[in-house]
Amino acid sequence: MVLHLQKAAYFAVLVVVVASNAPVSSSLDDIAIEKTFVPEECVRAVKVGDYVRYHYIGTFPDGKKFDSSYDRGSTYNVFVGKKQLIEGMDKALVGMCVNERQLVKIPPHLAYGKQGYADLIPPDSILHFDVLLLDVWNPEDGVQIKTYHTPSVCSRKVEVSDYVRYHYNGTLLDGTLFDSSHTRMRTYNTYVGIGWLIAGMDQGLLGMCVGEKRIITMPPSLGYGENGDGSDIPAQASLVFDVVLLDLHNTKDGVAISNQVVPESCVRKSVSGDFMRYHYNGSLLDGTFFDSSYTRNRTYDTYVGMGYVIAGMDEGLIGVCIGERRTITIPPHLGYGEEGTGSKIPGSAVLVFDVHVIDFHNPSDDAEVTVTFKPEVCEKQTKKGDFVKYHYNATLMDGTLIDSTHSYGKTYNIVLGANQVVPGMESGLMDMCVGERRHVIVPPHLGYGERGVTNEVPGSAVLVFDIELEDMEEGLPEGYMFIWNDDVSPDLFTEMDMDHNEEVEPSEFTDYIIRQVNEGKGRLAPGFDPYRIIENMFSNQDRNGDGKITLAEFKLKADEAAHDEL
């Protein structure tokens, strides 16, 4: 209860020094205090020299009110024990706790004595005050910090010039809420220690860890001072902020790499321009999840170092090994900046990606062939047109099995150069000996491309084949589907024309070619349906397409432009 000596519109308790031997017309010798409410916890008790804010109602013993701070709509603010109050109130306030309420009876000699006060307080009056203490602080107070939750891991603490994101509830010392970031459903984002905040908060946030929770209490000199904020925060009010720190970074921060798990074998590291497939979990610095490739059950596929992803991820994915795991921490200026994504990623948020690199390749890559076993004797090597039989195990770069001929109990058989396998496998099977084993890495542009194979091979996947050549049959010269092993008969047409009608029917043509093959006089291209080859040969000789070959139509390959026939 502050007292101005002015004769103003409102009345407060005047400081009057009363002689100790002044007559007292009451039997009350000292103040009498009845505690009508005591809080469970005493946040702070008043000491001499403290500054207090309190409400009061002043009445006479008969209940007649002579003054009230409530009527003025503001607390009474004053130093205690510095003779700014009547002596009885000075005594009564000492030891009171914030939110404590008490009924104080003050005898005249500790109030206004024999003089009274103007026409409001008669001489020798006992005064009753119903007092509620709301706030107490001392000019010597600084910021008080009480941490009530400390994260198990604290890799970094807030320093001057850091940028932070935090939630808070702001209350007065009596618990009255004046503001909360939670009600706005967004964090408070600011620089620390450079004057963007009130001084007490600037100090109170220093040294905090992400995930830490603390109570920051500050006197008005470090808050909103003598004037308050003009609305919810009164003048000379202590402030209490319940803070949880969610994020911090510095504008000087770069990408941070941690928790690296590098495979024992790393023959190659990613460079700018590589195309990468990787899995990730994305979270904010406080652990709040925002995205995961695992939930979509497919990798994230992109070029790295070329601006297809946020700058921090572009940087964090350079220099990784296939199979490597790492945590990439990205400050907002290398992430989604001040705006965020508008939904799951807030503005100015630090991002944390736990990444597992599945594979990568470069568009300039060729199939990579490594010979793992070669027989001592190798009479022939595979070439285009050869019919080859081989076993294989096919996996992705992370070891995921795609397919294996061993599970079928038979070899895979193809003609080299006939586009019967992906180009990378074609390259891997060239110049190979029977019994040889190879390890073949096939980039997607020489494999199954961006689309992959539904439910078998992911799009843009690098493939790994471990192959063993079991057998081979030499193919025919390029452009031939049939060749003669011996000299060609000069009466070839006549030998085909079994009924001597000067026309060769399809059946005559087929029977003749099959007979030559069976007798070893000729050879069909291996690996193809022989009857389809013969049908194609007949069609090429049947120039007019009437279903029969005449002598005029019949020509050997040497006699005409190249095509697959005699």
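A charge is taken to sit over a ring when NZ of Lys or CZ of Arg is within 6 Å of the ring centre and within 35 degrees of the ring normal. In this predicted model, the charged end of R437 is placed over the ring of F373, at 4.8 Å from the ring centre. A lysine is found in such an arrangement as well: K82 lies over the face of F79, with 4.5 Å to the centre of the ring.

Contacts between aromatic rings were also examined. The structure contains 32 aromatic pairs. In the pair formed by F290 and F353, the ring centres are 5.7 Å apart and the planes meet at 85 degrees; because planes over 60 degrees apart count as edge-to-face, the pair is assigned to that class. This pair links distant parts of the chain, since F290 belongs to strand 15 (residues 289-292) and F353 to strand 18 (residues 351-361), with the two positions 63 residues apart in numbering. Both F290 and F353 are buried. Elsewhere, one aromatic cluster is made up of Y54, Y56, F60, F66, Y76 and F129.

On the surface, a nonpolar patch is formed by V160, I194, W196 and L206, which together have about 380 Å² of accessible area. Within this patch, W196 is located in the loop that runs between strand 10 (188-191) and helix 4 (199-204). The relative accessible area of W196 is 54%, and the residue is therefore classed as exposed, the cut-off for that class being over 50%.

Definitions and conventions:
Residues numbered from 1 in each chain as written. Predicted model: local features only at pLDDT ≥ 70, side-chain atom pairs only at ≥ 80, totals over all residues. Heavy atoms only, no water. Patch = residues over 30% accessible without salt bridge, like charges linked within 9 Å, V, L, I, M, F, W, Y side chains within 5 Å. Areas by Shrake-Rupley, 256 points an atom, 1.4 Å probe, with all protein chains shown as cover. Salt bridge = Lys/Arg side-chain N within 4 Å of Asp/Glu carboxyl O. Helix = DSSP H or I, 4+ residues; strand = E, 2+ residues; numbered from the N terminus. Buried < 20%, exposed > 50% of the residue type's maximum accessible area, 1.4 Å probe, protein only. Phe/Tyr/Trp six-rings, centres within 6.5 Å; stacked < 30°, edge-to-face > 60°.
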